[in-house]
Amino acid sequence: MPFLGQDWRSPGQSWVKTADGWKRFLDEKSGSFVSDLSSYCNKEVYNKENLFNSLNYDVAAKKRKKDMLNSKTKTQYFHQEKWIYVHKGSTKERHGYCTLGEAFNRLDFSTAILDSRRFNYVVRLLELIAKSQLTSLSGIAQKNFMNILEKVVLKVLEDQQNIRLIRELLQTLYTSLCTLVQRVGKSVLVGNINMWVYRMETILHWQQQLNNIQITRPASKGLTFTDLPLCLQLNIMQRLSDGRDLVSLGQVAPDLHVLSEDRLLWKKLCQYHFSERQIRKRLILSDKGQLDWKKMYFKLVRCYPRKEQYGDTLQLCRHCHILSWKGTDHPCTANNPEGCSVSLSPQDFINLFKF
């Protein structure tokens, strides 16, 4: 350590033998130290920022990959068992299997739409869910709902049947989504709002496709409906349960129009869907003083629900509380399992999960 007044030298440096020189030396050394420390800290911050940015990039990339996989998923979430245990008690073991969304995931609706006996049942169930139960479904159940709906639309576009039925379903769903999207921020829909806007655009696209359907005449030149005897034609028309189908059939040919205006045909249709008390409240007379059953039918439809009829339905076992399609085996301990089963309408299915 050099004393004050002693000649102090270092390589490339020379200092005067004064206190000012020593002070200048200390100031320069301390400034160099601070500069080095500042450089080191800046380097550490730079490295940390690079590491943080790298981690953010990896997380964002993984999220984009996950979103892409989810958006491209078109398969339904299948389960090995095609039945579900319905228990209204809030037990730890069974509570997760009592919601409408869980039932919608576990029951095989994707295959059911391929069965003509179950098609109308599934479509009616989708319509009821779209009207009032869409927000009660989980995210997975909502995705399955849209996937099944897409399969229904594709089936109708391919076989050109039940067009009006699916139009009404899509219109009901679109109207419900318009209302729900306006309530964004109130936790009424699961998922990003942009995803639901995209789904609404998809629904509009499906509606356009259904409107552009051009029904082609079959290439077969065999026996047609109009070639049948009049009694057989009338017998077949009596099996139509929707008056709009009768009106559409009467527009095909003049002879069919005459049959479609048959008073007895519309009388049976009114008596099938409505009770005598409902009919007496909506009596309409024609110009000839007779009951106009056709006008009465369409007035009754606006006032009362029509009777629902399905070739196949879901059924509930009253003994073991298991819900399944008819013909599906389930672990029932009853001596006569078939006698314990009761058929459920689509509305009964919805009501089953209202606690």
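Tutor: Let's begin with a term: buried means under 20% relative accessible area, exposed means over 50%, and partly exposed lies in between (1.4 Å probe, protein chains only). This is a predicted model, where local features need pLDDT of at least 70, side-chain atom pairs count only at pLDDT 80 or more, and totals for chains, interfaces and linings use all residues. Residues are numbered from 1 along each chain as its sequence is written, and side-chain values use heavy atoms, with hydrogens and water left out.

Student: Thanks! Why is C320 called buried or exposed, whichever applies?

Tutor: C320 has a relative accessible area of 12%, and the limit for buried is under 20%, so C320 is buried.

Student: And what makes C340 count as buried?

Tutor: The relative accessibility of C340 is 19%; that is under the 20% limit, so C340 counts as buried.

Student: How do you know whether C320 has a bond to C317 or is too far for one?

Tutor: A disulfide is a pair of cysteine sulfur atoms within 2.5 Å. The closest cysteine sulfur to that of C320 belongs to C317 and lies 3.3 Å away, so the two are too far apart for a bond. C340 is in no disulfide either, with the nearest cysteine sulfur, that of C317, 5.1 Å away. The structure holds 0 disulfides.

Student: Why is N162 described as buried, exposed or partly exposed?

Tutor: N162 has a relative accessible area of 32%, between the 20% and 50% limits, so N162 is partly exposed. N162 sits in the loop between α5 (139–159) and α6 (163–182), and has a positive phi of about 60° although it is not a glycine.

Student: What makes H321 partly exposed?

Tutor: Its value is 39%, so H321 falls in the partly exposed class. H321 is in the loop between β4 (314–317) and β5 (322–325); this non-glycine residue also has a positive phi of about 60°. Helices (H or I, at least four residues) and strands (E, at least two) are DSSP runs, numbered from the N terminus.

Student: Now the helices: why is α9 called oblique to α13?

Tutor: Helix α9 (residues 243–250) and helix α13 (residues 293–303) pack at about 135°, with their axes 11 Å apart. Under 35 degrees is roughly parallel, over 145 roughly antiparallel, 65 to 115 roughly perpendicular, and the rest oblique. The angle fits none of the named ranges, so α9 is oblique to α13.

Methods
Axes fitted to C-alpha atoms, helices over the stretch in contact; angles between N-to-C directions.
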